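Trainee: I am new to this one. Please pick a single part, look at it closely, and then connect it to the rest.

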Amino acid sequence: MPTNTCLCGSNIQFQHCCEPYLQQKQWPQTAEQLMRSRFSAYATQQYQYILDTYAQSQRDTLSVKELQQSDKETTWLRLQIVNCPDDHTVEFKAYSKFQNQFNLLHEISIFTLENQHWMYKEGELLADTGQVKLNRNDQCLCGSGKKYKKCCI
């Protein structure tokens, strides 16, 4: 995978995918685009963008510092969009590494339009969310296609 491919898994160059959103040059036109850009923001530690894309009701109870602290030492590896059953719902799997342990965040996210912009409203964590056990010969969760033992150990 080229190094300039977007972190969100779209297979589009970062500069033509999530970067314009993170630089606030454009606003995502769909809930899926917002989900992808929020993942890229987490992966690049752009917590102000994450805060700015929460719905107002959640934004009032969060801060950049709290987002940064909750994400401390987490490396975001890969995003997989599972399903977009309607224009305001995105089911996704996000893989991360924290303290040498792989994790899966599997969520159904609900987005809402506020002032003609998509915002993250809330999410439902699914049962398989949590720690992921990998054997040395399993495919690495980062999406490289390599075996775990030759990739992210």
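Mentor: Asn 137 is partly exposed, with a relative accessible area of 47%. Here buried means under 20% relative accessible area, exposed means over 50%, and partly exposed lies in between (1.4 Å probe, protein chains only). The areas come from the Shrake-Rupley method with a 1.4 Å probe, and for residues only the protein chains shown count as cover. This is a predicted model: local features need pLDDT of at least 70, side-chain atom pairs count only at pLDDT 80 or more, and totals for chains, interfaces and linings use all residues. Residues are numbered from 1 along each chain as its sequence is written, and side-chain values use heavy atoms, with hydrogens and water left out.

Where does Asn 137 lie? Asn 137 belongs to the segment after E5. Helices (H or I, at least four residues) and strands (E, at least two) are DSSP runs, numbered from the N terminus. Now take a distance. Asn 137 and Lys 93 are 44 residues apart along the chain. Their C-alpha atoms are separated by 21 Å.

Stay in that segment. Arg 136 is also placed after strand E5 (130-132). Arg 136 is exposed, at a relative accessible area of 53%. On the surface, Arg 136 joins Lys 147, Lys 149 and Lys 150 in a patch of positive charge. A patch takes residues with over 30% relative accessible area and no salt bridge; like charges are joined within 9 Å, nonpolar side chains (Val, Leu, Ile, Met, Phe, Trp, Tyr) within 5 Å. Lys and Arg count as positive, Asp and Glu as negative, while His and the chain ends are not counted. Each charge is placed at NZ of Lys, CZ of Arg, CG of Asp or CD of Glu.

Step back to the strand. Val 132 sits in E5. Val 132 is buried, with a relative accessible area of 18%. Gln 29 is 103 residues from Val 132 along the chain, and the two C-alpha atoms are separated by 33 Å.

Next, the loop between E3 and strand E4 (117-125). Asn 115 lies in that loop, and so does Gln 116. Most residues other than glycine have a negative phi. Asn 115 has a positive phi, near 50°. Gln 116 also has a positive value, near 65°. Asn 115 is exposed at 72% relative accessible area, and Gln 116 is exposed at 77%.

Leu 105 is part of strand E3 (residues 101-114). Leu 105 counts as partly exposed, at 23%. Leu 125 is 20 residues from Leu 105 in sequence, yet their C-alpha atoms are 7.3 Å apart in space.

Now helix H2 (residues 31-43). How many salt bridges does the structure hold? The count is 1. A salt bridge needs a side-chain nitrogen of Lys or Arg within 4 Å of a carboxyl oxygen of Asp or Glu. The pair is Arg 36 and Glu 32, at 3.0 Å, N to O. Arg 36 and Glu 32 are separated by about one helical turn, because they stand 4 residues apart in H2. Arg 36 is buried at 16%, whereas Glu 32 is partly exposed at 28%. Gln 33 also lies in helix H2. Gln 33 is partly exposed, with a relative accessible area of 28%. Ser 144 is 111 residues from Gln 33 along the chain, and their C-alpha atoms are separated by 22 Å.

Last, the cysteines. A disulfide is a covalent bond between the sulfur atoms of two cysteines. The rule used here asks for a pair of cysteine sulfur atoms within 2.5 Å. By that rule the count is 0 disulfides. Why does Cys 8 have no such bond? The closest cysteine sulfur, in Cys 17, is 3.6 Å from the sulfur of Cys 8, which is too far for a bond. Cys 8 is buried, at 0% relative accessibility. Cys 140 is buried too, at 3%.
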